[in-house]
Amino acid sequence: MNADPIGVLTGSHYLDGDHSCSEGAIAAGCRFSAGYPITPSTEVVERLASRFPRVGGRFQQFEDELAASIAVLGAVWGGAKAVTVTSGPGFSLMMEHIGLAAITECPVVYINVQRGGPSTGLPTQPAQGDMMQARFGSHGDYRLIALCPNSPQECFDLTLRAFNLAEEYRVPVVVMLDEVVGHMTEKVVIPPADQIEVTPRRYTSKKPGDFKLFEAAEGSLVPEMVKAGDGYRVHVTGLTHDERGYPAMNVVAQDKMVKRQFAKIVENADKIITFEEKNLLGAEAVVVSFGITSRIAEKGMQLAREKGAKVGSFRLITAWPFPEKQIIELSKKVKAFVVPELNMGQMSLEVERLAAGRCRTIPVLHAGGTVHNPEVIAEAILEAVR
Amino acid sequence: MSTTNGTTAAAALPTYTKKDFESGVDPRWCPGCGDFSIINQVQKLLPSIGVARENIVFISGIGCSSRFPYYMNNYGMHTLHGRAPSFASGLKLSRPELQLWVVTGDGDALAIGGNHFIHTMRRNLDIKMLMFNNRIYGLTKGQVSPTSELGKKTKTTPYGSADYPFNPPALALGAGATFVARSVDLEGAHMGVVLKSAAEHRGSTFVEIYQNCPVFNDGAYTFLTEKAVKAEAQLRMEEGKPLLFGKDNRKGIRFNSQSAELEVVTLGEKGAVEKDVLVHNPRRDDPTIAFMLANLSNRPGFPTPIGIFRAVKLPTCDDLNWKVINSAKAKHGDVSLRKFLSSADTWTVE
Ligand SMILES: Cc1ncc(C[n+]2csc(CCOP(=O)(O)OP(=O)(O)O)c2C)c(N)n1
Ligand code: SF4
Ligand SMILES: [Mg+2]
């Protein structure tokens, strides 16, 4: 289905990453947002608050991130596409409801503009320290999708895609920006509405009585939905539940529910995962990077090439699920991975795990607050090919 | 998206019976739990309120009380501990035409959910909250709650609680709720009347229901419900009627204009006559008298008020919002829209 033209700001604009996320959300059909102000993410909801009324949407500022992150779930079960937006301290509070979204298979989008941590940390400066929290932050076993844009253009593209993926797989999707990507202003091209593909919510055509809210059709892992007011009696609970949604607290129900929810992501990983490869042919070292760090790494690679290094690039666009197959294949061909990130070692652990000793993994770590010096990345590349 | 501005065409409603609102799942509450009588009253009420069953949503948090939606034959949401008001707010803001009931407990609403509670009340969203107050944590088997009395011995206060409790209606009034009431599980007829008024109110609606937990806090309300003491202990507030109580309604509540306090008078004693007694008016814009009445609860020498403390009409949060949205939408198609879209930190690249 194409985007509703009412919300699409077709044209070429200079936008910052935060505002570009807002436009991506509106283009995707998002018409509800709840939030609580926090730097450096507030611009996203400020723009939504200003833009929404004209397109029939609604932003509400709540008392805290606990409220905002569950209010969006309420809106989704009422039929809206919804987003909440935050940064580190708020992201910690939202973990509870990411878990609820996962267990109730609620299609919803969370945007986290990462800043330095832990705790209040560096409110106005960048980091990439929440990558593992995005994956594992809520208790219990679940899988979600996380995307990491590296430009305002990608903020638009990936926020739009986040909504589409959420509907496709009935999962929470997290868009992981960092302060620099959120606040940098660049050209953003927004296509005409009839060239924007939007995934509508898949509502059931089954009759009340025949329909089960957590039963996927033959050959599918993703159940259809209904919304309040459509005449269905449904029960949605954060407890382990059966296909009807009724609490079923036993080993069999738990096994079935958790495993299907995992399978939705694991079995569709090839369709979900996107990445960008450059100069891999003949490369002896590969820089694995994401978000703002991938932009800095470009410069690092250029410097290293000037000194003769054969280096290629693998940029993560989906962080979760992780491109396991691709990293395993590359590990058979290269001497080393170089993994720069604005944290003390998160995605590099994943790379190292998958490389499994077939090649070296050289993390280039940074506690955050600014971006890497490209020369440090260049040095690591030169060491990798030595 | 199917958001409308709150008015669905009044299609002919089917004739419902109480059974239509029963899910058929056997409640897992303990025998004798006050929750049974509450669900019974709610299921009795719903056929008569003129709302299509599919437009009624029950949303709960976590606790014995929060199992409620499971037993109702509606769209039901069993959310997380303390968070039901926020979930409900999101749903209400996006779908104003739905009738939302939040079912919660004293711990759920006032401890972990206290912040959400006050903010939901102040916003005057059209959400009806029923708080089952058993003055204990039931589901986790008997710990102190924010409504447990001072000195209360529970599993986590084995020497007696040193915390002063909340007075829930006073809290709701302070937070700006536009409808505040109290009833008692054992007073079925009274509860029915209160619930009907709650159903009719548009705006933030708070009903505290005193609920006995026979397992972990048995007899919490015998001071109010025992036949022998009932007449003296209950102050039944009825709109337009003097606040009389006691055997043969011999006592009343008077506003003492010297001390600016409420006091108990006995008719015929010390010159007190019925016309001195405060006439109940829950529709005063100023909540001060309602607050004074709420504060009579558990005060030595005073009866405990039950009934409606406050019921005032104010535009709801969703009324105000849809007004903004509709007027903004009406301007869509204006040439100025393009300009508006491109204003504020957007530059078009020519
Ligand atoms: C975050 C969180 N903390 C603690 C609990 C455990 N818990 C479940 S119900 C409850 C208290 C319930 O008391 P109340 O709200 O008064 O409801 P009642 O069972 O008395 O009806 C607690 C502490 C939980 N479910 N979630
Ligand atoms: S523990 Fe108390 S409140 Fe909970 S179901 Fe049993 S009697 Fe009712
Ligand atoms: Mg309780």
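This is a short exchange about chain B of a predicted model and its magnesium site.

The model is predicted: local features need pLDDT of at least 70, side-chain atom pairs count only at pLDDT 80 or more, and totals for chains, interfaces and linings use all residues. Residues are numbered from 1 along each chain as its sequence is written, chains are lettered from A and ligands numbered from 1 in the order written, and side-chain values use heavy atoms, without hydrogens and water.

Reader: Why is chain B called as compact as a globular protein of its length?
Author: The globule rule is 2.2 Å times the number of residues to the power 0.38, and the radius of gyration is taken over C-alpha atoms. For 350 residues the rule gives 20 Å; chain B has 23 Å, which is close, so the description holds.

Reader: What makes B:D106, B:N134 and B:I136 donors of the magnesium ion (ligand 3)?
Author: Donors are N, O and S atoms within 2.8 Å of the metal (3.2 Å for Na, K and Ca); water is not among the atoms, so sites may look incomplete. B:D106 (OD), B:N134 (OD1) and B:I136 (O) lie 2.1 to 2.2 Å from the ion. They qualify as its protein donors.

Reader: How are these donor residues spaced in sequence?
Author: The pattern is D-x27-N-x1-I. B:D106 lies in helix α4 (residues 106-112) and B:I136 in the loop between β4 (127-133) and α6 (168-175), so the pair ties together parts 30 residues apart in sequence. Helices (H or I, at least four residues) and strands (E, at least two) are DSSP runs, numbered from the N terminus.

Reader: Are B:D106 and B:I136 buried or exposed?
Author: Both are buried. Buried means under 20% relative accessible area, exposed over 50%, partly exposed in between (1.4 Å probe, protein chains only). Buried residues make up 55% of the 350 in chain B.
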